[in-house]
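Reader: Could you walk me through some local features of this one before I set anything up? I'd like to start with the backbone.

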Amino acid sequence: MGDLKLVRKFAVEDGFFGRYEKLVKDVVLPYQERALNDQIEGAEKSHCIENFRMAAQKLKSGRCEGTFYGMVFQDSDVAKWLEGAAYSLAQNPDAALEARCDKIIDLIGEAQQEDGYLNTYFTVKDPDRRWSNLQEAHELYCAGHMIEAAVAYAECTGKSRFLEIMCGMADHIYRRFVEEGAEGYPGHPEIELALMRLYRSTSVERYKELAMHFINVRGVDSDYYCKEKEKRNWIVWGSDPEDKEYTQSHAPVREQKKATGHAVRAVYLYTGMADAAMETGDEELSKACKTLWDDITQHRMYVTGGIGSAYEGEAFTKDDHLPNDTAYAETCAAIGLIFFSNKMLYLERNGKYADVMERALYNGVLAGMQLDGTKFFYVNPLEVLPGISGEAKTHKHALPVRPKWFACACCPPNVARLLASVAEYAWHVVSDTLFSNLFIAGTLDLTDSLGGKVSLKTSYPYDNKMEYHFEPQEGAMSMTLAIRIPAWSEETKISVNGEAADCEIREGYAYLSGDFGTDDVVTVELDLSVRRVYTSNRVSANTGRAAVQRGPLIYCAEGVDNENDILSLSLKKDGEVTVSEYLPKKLCGIQELYAQGYRETVNEALYSFEAPKAEPCQITLVPYYTWGNRGLNQMRVWIPEKNKI
C-alpha cells in the first residue's frame, strides 16, 4: 500500500492546488495556530494549547491555575493542526514552524501521565473518571487523532519524540482493553484507522491487534452503552444510549447494511474497517465496506459529495432524504468520505471510488473554507436564503457566511491536514503500477520504487488537457501508468507522443504499460462539456430541478450575480449553457457558466389565482466551492427547469 513517503516526495506545482498548498503554508496554518492560542480577535475561544499547559502544570505540581475550557475532544484540534503542519513541512521546510511544533510536542509529552495516558480533559477536570464514559467522552477519538499526527510528524520530519509519546498512549490502551479485558468500544470511532496507520509505520503487531479488537467487538454487545450509563453518575451531553444507530453500535460491523447515525463517526469507522480488510484479507469485512459505501453513494450523498442530511445528530437519516436548505453536510464528513473512498480504492481498484473522492474534494471540502483561508463552514447547505438560513429555528445551523472559528472547531484543521496531504489521494503506487487518481499538477519522485520521476502538467479543473512527463534515473522507467477516466467525461482521448494510445480500459482506469523515457509524453484530453445532473424521483427536494456540472465542479447560482434574486429563476430545458473565458481575478480564478433561463415576476400576495409571468434571462453560475465569498448572499444548487414560457 502507498504511504506517507509519497506525501514527502510530491512537489505540487503552480495552479489550482498549488495555490491551496501556498495558502495552507502562508495563511491557514499560521491563522489556525493563532486560533489555538486564542489570538484571533472576535473569534470563538479555543484554549487548546492552554489546556495542555494546565495538564502539564498539574502533573508537575499537583495543581494548576485555571480550568479546562472547550469541548471534551478539544485536544484533537491541536492534533489535526500538527498533522497539517507536518505535511506542509515535508513540502516546504520551515525551521521556525518546525521549532514551534516541537515546542508543542514537548508540552504534550509533559501532559502525559506516567502510565501513558494522555487527555487534558481528564487530567485537568475529571481525573477520577477516566475510561468511564466511552459513549460520550471521546478519549479514544482524541487518542486516534493524536496518533495520526504523531505518525505524520515522524514520517515527514524524521523526528520520533511525538511518535514515542503516542506509542505510550497506544500501549496504555492495549493494556486496558486487550490484556486486562476491559469492555467497550469508542463512542466516536477514529482510533481504528489511526491504529492501522501506527501499525504500518512501526510494524508493531499489537497496534493492528488493537485496531481489530475495536472493530470486532463493536455492536456485539449492542447494549454496552446502556450498561455503561447505569454504572456512572455523570454525563457530557446526556446522549441517549438507546440510540444505537447513532453510534453504529446496533449490530456487529460485518452485519451492518445501512450507513447510519453521526456521519463523521460512520465514515471514520468505515475507513478503519476498509484499511483492516485490506491488511488482513478479511473478505467478510471487505463485503461490509462495499455494501456501506454503495449505500452512502447511491442513497445518502449530496451531489457535492456532502453526507449527513440532518442537523439533529449530524446524521444520516433515510434513503434519498436529501434536503437542500437544511442539509448538514459537515465539512469533516466530506473529508471522512474521502478517507473511506481512498481505502476502498486500495481494497478494490475501481474508478468509482476516485470519482467520489474528487466530487467530495472539489465541492464538499473546498467549500468549507473561505478562499482567503481565514474563515470556515462547519455546515455546507445547497441552498441559502438570508433571513432564513442561520436565523429560522429549523435553519440555525445553515449559516450564510463563514465564521472565523468555532467552539467545536473540528473542521478547520481537518481541511488543513487534508489539503496539505492531497498527494496521498492523487497517487497510488502498487507494485510497478502508478495510479493517477486525481489530476493535480506537480512532480512525483519515484526514484526509490520505479526508478525516476513523473510530472503531471495541467491547469485542471478549468482545462481538459493533461500531460505526463517522465524523468528516468537511467534509460527508461519500466512501469504501468493507470489513469482514471472520470465517469463524467463522455469522450476521453489518450495519446502517447501524439498517437492514439494502445491501452486497456478496466474499471474506470486506462492502463498503459511500457518503458517511458525523457522524450515520452502521455497526453489525456477529458470531456469538460457542461452537463445537467438530475436526481432520482425518490429525492423529493429536487423534483423538477437540475444541477449544473462541468468536469468535477458543481455550479450554483448566487444572488450577487443574478439581480439579488435567485428564487424567481428557472433553467430553460435543453437551453444552451456557455462557458466564460478563464477569469483570473474573480474568486481567485474561475470560469463562469451562463445558462439560458427565465425570470418569473414576483407575486406579492402569499397565494394567488394568477399564474406568474416569465421573461427570458441569462443565469450566471459559479463553482459551488466559491460560494459565500462575497458577503451575505442567496445561493442555490438545484434550479427548477422550464420547457418554455
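Author: One definition first: helices and strands here are DSSP runs, numbered from the N terminus, a helix having at least four residues and a strand at least two. With that in hand, Asp320 can be placed in the loop between α13 (283-299) and α14 (331-347). Please keep in mind that this is a predicted model.

Reader: Okay, and what is phi for Asp320?

Author: Phi of Asp320 is near 65 degrees, which is a positive value in a residue other than glycine. Most residues other than glycine have a negative phi.

Reader: Is Asp320 buried or exposed, and why?

Author: Asp320 counts as buried because its relative accessible area is 12%, and buried means under 20%.

Reader: Which loop holds Ala329, and what is its phi?

Author: Ala329 is also placed in the loop between α13 and α14, and its phi, near 45 degrees, is likewise positive in a residue other than glycine. With a relative accessible area of 2%, Ala329 is buried.

Reader: Switching to peptide bonds, where is the bond from Tyr460 to Pro461, cis or trans?

Author: The bond from Tyr460 to Pro461 is cis, with omega near 10 degrees, and Pro461 sits in the loop between β6 (452-458) and β7 (465-472). Most peptide bonds are trans.

Reader: Since β6 came up, what does Gly452 touch?

Author: Gly452, which lies in strand β6, is in contact with Leu444, Asp445, Leu446, Thr447, Glu471, Pro472, Gln473 and Met477, once its neighbours within four places in sequence are left aside. At 1% relative accessibility, Gly452 counts as buried.

Reader: And how far is Gly452 from Gly517 in space?

Author: The C-alpha to C-alpha separation of Gly452 and Gly517 is 9.7 Å, although they are 65 residues apart in sequence.

Reader: What about Ser570, which strand is that in, and what does it touch?

Author: Ser570 is in strand β17, residues 569-572, and is buried at a relative accessible area of 3%. Not counting residues up to four places away in sequence, Ser570 touches Gly597, Tyr598, Ile619, Ile639, Pro640 and Lys642.

Reader: Last topic, charges: which residues form the negative surface patch?

Author: That patch is formed by Asp240, Glu242, Asp243 and Glu245. One of these residues, Asp243, is found in the loop between α11 (224-231) and α12 (263-280).

Reader: Why does Asp243 count as partly exposed?

Author: Asp243 counts as partly exposed because its relative accessibility is 37%, and that class lies between under 20% for buried and over 50% for exposed.

Methods
Residues numbered from 1 in each chain as written. Predicted model: local features only at pLDDT ≥ 70, side-chain atom pairs only at ≥ 80, totals over all residues. Heavy atoms only, no water. Patch = residues over 30% accessible without salt bridge, like charges linked within 9 Å, V, L, I, M, F, W, Y side chains within 5 Å. Areas by Shrake-Rupley, 256 points an atom, 1.4 Å probe, with all protein chains shown as cover. Salt bridge = Lys/Arg side-chain N within 4 Å of Asp/Glu carboxyl O. Lys, Arg positive; Asp, Glu negative; His and termini not counted. Charge placed at Lys NZ, Arg CZ, Asp CG, Glu CD. Buried < 20%, exposed > 50% of the residue type's maximum accessible area, 1.4 Å probe, protein only. Contact = heavy atoms within 4.5 Å.
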